[in-house]
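Here is a short set of exercises to work through with the model open beside you. Try each task before you read its solution.

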Amino acid sequence: MTEKRRKLIYTLSPTIFLTRLAGTVILVNSFVVLIVALSAHQSKIHYQEQARIATRNISSALEQTIISNFEKTDLALTSLVDDIVGMKSASRIDERRINNHLKKMHVRMPFIDTLRYVNSKGDALLDSPDSTVNIGDRDYFVELRDNPTAQMVISKPVKGLITGKWTIHLARRINFPDGTFGGIISAGIFLDSYYALFSTITLGDRGVISLRDKDRGIVAHYPTLPGGVSEVGRTSISSELRRLMDAGQTAAAYTAIAGTDHLERTYYYRKLSKYPFHLLVGLSTDDYLLGWRHAQVKHGLIVAVFFLFTLYASRLIYRDWKTGKMNMAALENSNTMLLKQQNELELAAQVFEQSRQCMVITDPEGVILRVNRYFTEVTGYTPEEAIGKTPRVLKSNRHDAAFYESLWKRLIEEGEWMGEIWNRKKNGDGFACLLNISSVRNTAGTIVNYIGINEDITEQKLSSERIYNLAHYDILTGLPNRRLFNDRFSHAIQQADRHKRQLAILLLDIDNFKNINDTLGHQAGDLLLQIVADRIKDCLRNLDTVARLGGDEFVILLEEISGALGVKRVAWKIINAVSEPIMLQGSRVHVGVSIGACTYPDDGQDAAILFKNADTAMYRAKAAGKNNCQFFDAEMAQQALKRLSVESDLRMAIPNELFLLYQPQAEIGSDRIVGVEALVRWRHPQRGIIGPNEFIPIAEEISMINQLGEWVLLTACRQAARWYHEECLSLRVAVNISAHQLMRDNFVSMLESILYECCLPPSLLELELTESVLMSNVEGIIVLLQRLKKLGLSIALDDFGTGYSSLAYLKRLPIDRLKIDRSFIQDLPGDKDDVAITRTIIAMARSLNLGVIAEGVEHVSQFDFLKKEGCEEFQGYALAKPLPPEDVAHLIKQTRAAGVMRALEYNAHGAVLL
């Protein structure tokens, strides 16, 4: 091999060289395995052919032996028949003489197991005098008796009546000279003799020989089958043998798996040439291939040894190649090692210098030897100022001496310290850093340097604080949120319980906050919440806690209180502070606050119960006119239970317990009833009739208002359609719609479906909406009302004058009617303010081309005032109270006859029509 080619080999990578070397080893070994496999295949074929030859030879020898025995037996039987014919006297045959003759002849015929004379009646003469056994029903006797020309007959295997052994009988007919039947001579051959014959033949451990009769039944089988003699006569054979017999084959070799022991054998089948028997000789594959398998094991061991030899040789080749490659590479690497080391040192210096972490190297005494550029950026110390000093120049005052002692102890014992530490910059500012100090030891284990690496984590620390604040403080007001308040509340309860003190919680809700939010916008609402939060904080001590729960709800925790009087004093201080005017977007607004208060441990033993009771007290404050404080008491608990009962019963009330009443609406000018307002009532099984003011707010809270409102709409429309179609009354039915109903996505389609189902003209349906509903989302409400107007129904603005309607928005709303609230009607005409407000609303409606209706008219004087001012319609007890549907129709008939004015006169004197 030339030097150039040797170098070329060493340029190969270990993977490529090993791949080629492995390919060569695999190729050589594959060729050897292929040669051995072909040799094994040829050898197996040879063994199989030898097995077929052996079975053929054995079957041929057995055929000759069996046929020879049959022929000798036939010859003996023929001779005996002639002897017996010659013994016959003129009158009868001497059976005793014949029997003695047969005994003498039997001694000279060892191939015959039994020799009997059977007379013409089927009686076989036995050894004892006058002792016979009748075989007249045997098939071979019957055949010889009935066929004068019959030759030797061979019977099927039968169990001997005399010997009790399984036997085949070879028999010949005795014909006397006068042509009469003289009986038969029968030679019996025990089946055991065939078993003895077959057992003398070497077949291996699992070879078989089977002799079968013309009907394929077993005559003899070696070795004995599992059933023993019970298998004699069994005709079941393998499918391969049946195919050969059915095809008329007289001799053939085949391989099959035996059904008895499930072993594979090579068989040779032969049909005896002169007699109706089939011979089958089989050699087990496992037996005759045993030598072949031993040979293959030896060949496999040789192949394995050869394979191991080639592996060892290839290992030696690879080792030599690797050594040569390493020697050559060593020469090349020696020139580049110094350059690489130099580059690594330069790279390490660059990494040290350019790293965005402060890095300091000191000697074992802690004197600074080197600092990087980022150290100067963070601390303000130049390398000249830092080198030669110790890291104590960075020491802040946030850690005590024990902290530094622990640091150095761990550094000396473990060789490393990592943790957070506060350091100080050159200008005196502190900064937080994550510091890692490692010791560097020489080969002797002595510390030669310390390396300190620290990362400025000041921003991360500040971010953690911000995250904590976001999780525990309200973003808008800066007050603790519900989570932080709950933690403090639970801790305060534990402290109060331990020291036997009292504490109180105040639950606050800003009155009419939603109206301000809807009219002035959310920015104004947020500013209002911030101002209220500041005013509440100014009313509290440092140890007290105020938190914003969400929306316009606040909660206050008062610790170490002396009694309810002190709590009440704080509550009214907060109410007075919040009630002060507030400037929002140039407008002066006034808000109040409803407060519910309860104390620990008098009103509850845990936070959940105290919250619940404070909430109950707050709702009492709302119900009491707002802008006040209510303390929880037992009566409130009962009312809370009552409210809970109403809530539970309401879920079962729709539609079985709810019903509608209808309050008539009349035109002032035409003296006729033109419409009704549908009013829902609840017929409670225990409490009787419940008004809507008690259960409608609950329905809104538990999200049942949509279900209830849909039922009211459907029921009212059905009744209006009944009046229209059955009684020919075109009454406009007004139905109150809540904000929850109106904002449903499918409200318009649901309304269309109800009108279609009831066959009600849309003009007979009027929807009454409150100002707060219309002002919640003006632009969206306008689009929705326009869709409703396209259906053909009318829209009324209910309780007008009590909200915060903007006249600029009002003129854009597609409404038909203004409904003056009853609060402006009840003191007419005596109250000047109500007179002015009512006149203004009527004039406004007229200028906007809107209809106007007054509700709550209870006196004739109110009616006269409204008529004088030009109000178009009215409703109230002056005309009629809310009525069942059938009474409405009756009232209309009466007013048609007597007039609405007559009804007012009746009611004025206490004679209400209905």
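**Exercise 1. A loop residue and its partners**

Which residues does Ile-387 touch, not counting residues up to four places away in sequence?

*Solution.* Keep in mind that you are looking at a predicted model.
- Step one is to place the residue: Ile-387 sits in the loop between α10 (383-386) and α11 (401-414).
- Next, look at its surface: Ile-387 is partly exposed, with a relative accessible area of 38%.
- Now list the contacts: with residues up to four places away in sequence left out, Ile-387 touches Ile-368, Leu-369 and Arg-370.
- Finally, take a C-alpha to C-alpha distance: Ile-387 and Val-360 are 27 residues apart in sequence and 9.4 Å apart in space.

**Exercise 2. Two sides of a helix**

Work out which residues of α16 are buried and where they lie around the axis.

*Solution.*
- Begin with the helix itself: α16 runs over residues 564-578 and has 15 residues. From its first C-alpha to its last it reaches 21 Å, close to the 21 Å expected at 1.5 Å a residue.
- Then pick out the buried residues of α16, which are Val-567, Val-570, Ala-571, Ile-574, Ile-575, Ala-577 and Val-578. They cover an arc of only 170° around the axis, so they are on the same side of α16.
- A general point helps here: an α-helix has 3.6 residues a turn, so residues three or four places apart point the same way.
- Turn to the other side of α16, where Leu-565 and Arg-569 are exposed.
- Last, ask what covers the buried residues of α16: the cover includes the strands β18 (502-510), β20 (553-561), β21 (582-584), β23 (593-600) and β24 (629-631), together with the helix α15 (522-538).

**Exercise 3. Looking for disulfides**

Why is Cys-433 not bonded to Cys-358?

*Solution.*
- Recall the bond in question: a disulfide is a covalent bond between the sulfur atoms of two cysteines.
- Check the distance against the cut-off: the two sulfurs must be within 2.5 Å. The closest cysteine sulfur to that of Cys-433 belongs to Cys-358 and is 7.5 Å away, too far for a bond.
- Repeat the check for Cys-629, which is in no disulfide; the nearest cysteine sulfur, that of Cys-598, is 10 Å away.
- Add the surroundings: Cys-433 is buried, with a relative accessible area of 0%, and Cys-629 is buried too, at 11%.
- The count by this rule is zero disulfides.

**Exercise 4. A cavity and a pocket**

Which residues lie nearest the centre of the largest cavity, and which nearest the centre of the second largest pocket?

*Solution.*
- Take the cavity first: the structure holds one cavity of 30 Å³ or more, and the largest cavity has a volume of about 170 Å³.
- Its lining is made of 16 residues, with Arg-116, Gly-160, Leu-161, Ile-162 and His-169 nearest the centre.
- Now trace the strands: β1 (114-118), β6 (166-175) and β7 (181-190) each supply at least two residues of that lining. β1 gives the most, with three residues.
- Move on to the second largest pocket, which holds about 600 Å³ of space. Of its 21 lining residues, Pro-391, Arg-392, Leu-407, Trp-408 and Ile-437 lie nearest its centre.
- Elements that each supply at least two residues of this pocket's lining include α11, β13 (358-362) and β16 (430-441).

**Exercise 5. Backbone details**

Where are Pro-223 and Pro-601, and which residues does a cis peptide bond join to them?

*Solution.*
- Start with Pro-223, in the loop between β9 and α6. A cis peptide bond joins Tyr-222 and Pro-223, with omega about -5°.
- Go on to Pro-601, in the loop between β23 and α17 (607-623). Here a cis peptide bond joins Tyr-600 and Pro-601, with omega about 10°.
- For a further check, turn to phi: Lys-626 has a positive phi of about 70° although it is not a glycine. Lys-626 is in the loop between α17 and β24 and is partly exposed, at 34% relative accessibility.
- Finish with Cys-728, whose phi is near 60°, a positive value in a residue other than glycine. Cys-728 lies in the loop between α20 (705-726) and β28 (732-736) and is exposed, with a relative accessible area of 65%.

How values were computed
Residues numbered from 1 in each chain as written. Predicted model: local features only at pLDDT ≥ 70, side-chain atom pairs only at ≥ 80, totals over all residues. Heavy atoms only, no water. Buried < 20%, exposed > 50% of the residue type's maximum accessible area, 1.4 Å probe, protein only. Helix = DSSP H or I, 4+ residues; strand = E, 2+ residues; numbered from the N terminus. Expected span 1.5 Å × (residues − 1). Arc of directions from axis to C-beta. Contact = heavy atoms within 4.5 Å. 1 Å grid on protein atoms, 1.4 Å probe; cavity = no way out; pocket = protein on both sides within 12 Å on 5 of 7 lines; lining within 4 Å. Points joined across faces, edges and corners; volume = space filled by probe spheres on them.
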